[in-house]
Amino acid sequence: MRALILTGLLGFATLSGCTFPGVYKLNVQQGNIVTPEMLSQLKPGMNQRQVSYVMGNPVIRNPFEQKQWDYIYTLEQRDKVVKDYHVIIHFNDQGLYTHYSGDLPAEDFNETNQLNSLPEEERNLNTVPTDL
């Protein structure tokens, strides 16, 4: 009987530790930040190196499909997706930029606004010390 009670209490303690309401959950950013300013700098006929300079390297690059690059971004705050988008950069057979498609980020979405949306604890972690 004592072993059954101890097993029950141990199981309850283990399960309650997984769902403790006071646990702080971090904001999770994944992917490439793409701003409307970046997309406006793209001009038809740019080569892949020039596009990479403007947009950065895509997180996902399909080795079997060289005619498109996928820029995917997701921001989760406390297990809830706050922002997400998928921008596809298209190239022709010669590897020159033709156009982009997909969900565009909102006009007010830029790196500064994103940093300001973080909690104070995380905002301080992302700043560069000025006394270096």
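The accessible surface of the protein chain amounts to about 9,600 Å², and 57% of this area belongs to carbon and sulfur atoms. The structure is a predicted model, and the values reported here were computed from it. Of the 132 residues in the protein chain, 26% are buried. Among the contacts with a separation of 6 or more, 51% are between residues 24 or more positions apart.

The secondary structure of the protein chain consists of five helices and four strands. Read from the N terminus, the elements follow the order α-β-α-α-β-β-β-α-α. A helix thus begins the series, and one strand comes after this helix. Two helices then precede a run of three strands, and two helices end the series.

The four strands form an open sheet in the order β1-β2-β3-β4, and their pairing is antiparallel. The edge strands are β1, at residues 28-31, and β4, at residues 97-102; each of them pairs on one side only. From one strand to the next, the twist averages 10°.

The pairing of β3 with β4 can be described residue by residue. These two strands run antiparallel and are joined by five bridges. H90 lies opposite H99 of β4, while F91 has Y97 of β4 as its bridge partner. In the hairpin of β3 and β4, five residues lie between the strands, and G95 has a positive phi near 85°.

Aromatic contacts were examined next. A pair of aromatic rings is described by the distance of the centres and the angle of the planes. The structure contains two aromatic pairs. One of them is formed by Y73 and Y85, with 5.4 Å from centre to centre and 25° between the planes. This pair counts as stacked because the angle between the planes is under 30 degrees. Y73 belongs to strand β2 (residues 68-77) and Y85 to strand β3 (residues 80-91), so the pair links parts of the chain that are twelve residues apart.

The two tyrosines of this pair were also assessed for burial, for which the cut-off is a relative accessible area under 20%. Y73 counts as buried because its relative accessibility is 1%. Y85 has a relative accessible area of 6% and is therefore buried. The stacked pair of Y73 and Y85 thus joins a buried residue of β2 to a buried residue of β3.

Note on methods: Residues numbered from 1 in each chain as written. Predicted model: local features only at pLDDT ≥ 70, side-chain atom pairs only at ≥ 80, totals over all residues. Heavy atoms only, no water. Buried < 20%, exposed > 50% of the residue type's maximum accessible area, 1.4 Å probe, protein only. Contact = heavy atoms within 4.5 Å. Areas by Shrake-Rupley, 256 points an atom, 1.4 Å probe, with all protein chains shown as cover. Phe/Tyr/Trp six-rings, centres within 6.5 Å; stacked < 30°, edge-to-face > 60°. Pairing = 2+ DSSP bridges. Axes fitted to C-alpha atoms, helices over the stretch in contact; angles between N-to-C directions.
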